[in-house]
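Let's take a quick tour of what sits inside this protein chain. Have the sequence and the 3D view open as you read.

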Amino acid sequence: MIKILFICHGNICRSPMAEFVFKDMVAKRGMSDLFYIASAATSREEIGNDIHYGTKQKLDEVGIPYTKRGAIQITKKDYDAYDYILLMDSNNIRNIKRIISADPECKIHRLLDFSDKPRDIADPWYTGNFDITYDDIVEGCESLLQHILEQDMR
């Protein structure tokens, strides 16, 4: 089983969006039992809060199911528990280094590092644009899944 943890600042916008987008992608391919997929935050600001209404609205719009959940923060133990730790932007990388001091197994990546155009995924908490964030997350999740299929599931 491949274990994936999506990370953003507060775990209410981008990382839960990526979690449910990726869950939907693998479910549609009949591969749900091959993955454990979750999300977390680098900060403690939103701990316990449910998914942001803008993320819920976008997931509803595109027909991707999600469940009620509370934001959590990544812990040092999570490094050993997951195969891929995928961050939404460079600031998340700086913040995660305070929690997980080293990445000897090269598990930590920005989600869009797997795409043809590596870049940060803008935080819709600030931009208000959940459409662009969704498009970037879909691009990243598709690229990540392709990478896993080619590298981990041969």
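Helices here are DSSP runs of H or I with at least four residues, numbered from the N terminus. Keep in mind that this is a predicted model. We'll start with helix 1, then look at the nonpolar cores.

**Helix 1**
- Helix 1 is made of 15 residues and spans 21 Å from its first C-alpha to its last, close to the 21 Å expected at 1.5 Å a residue.
- Just after helix 1 comes G30, which takes a positive phi of about 70°.
- Is helix 1 enclosed or not, and why? Twelve of its 15 residues are buried, so helix 1 is largely enclosed by the rest of the structure.
- Among those buried residues are R14, E19, F20, V21, F22 and V26.
- The partners that the buried residues of helix 1 pack against are strand 1, strand 2, helix 2 (53-62), helix 4 (90-99), helix 5 (124-127) and helix 6.

**The largest nonpolar core**
- In soluble globular proteins, nonpolar side chains tend to be buried together.
- The largest nonpolar core in this model has 35 residues, and I4, F6, V21, F22, F35 and L144 have the most contacts inside it.
- At least two residues of this core come from each of strand 1 (2-8), helix 1 (14-28), strand 2 (35-41), strand 3 (84-87) and helix 6 (130-151).
- Helix 6 gives the largest share of this core, eight residues.

**F35 and a separate core**
- Beyond its neighbours within four places in sequence, F35 is in contact with M1, I2, I4, F22, V26, L145, I148 and M153.
- Apart from the largest core lies another core, of 13 residues, including L5, I7, I74 and I85.

Conventions
Residues numbered from 1 in each chain as written. Predicted model: local features only at pLDDT ≥ 70, side-chain atom pairs only at ≥ 80, totals over all residues. Heavy atoms only, no water. Core = buried A, V, L, I, M, F, W, Y, C linked by side-chain atoms within 4.5 Å. Buried < 20%, exposed > 50% of the residue type's maximum accessible area, 1.4 Å probe, protein only. Contact = heavy atoms within 4.5 Å. Expected span 1.5 Å × (residues − 1).
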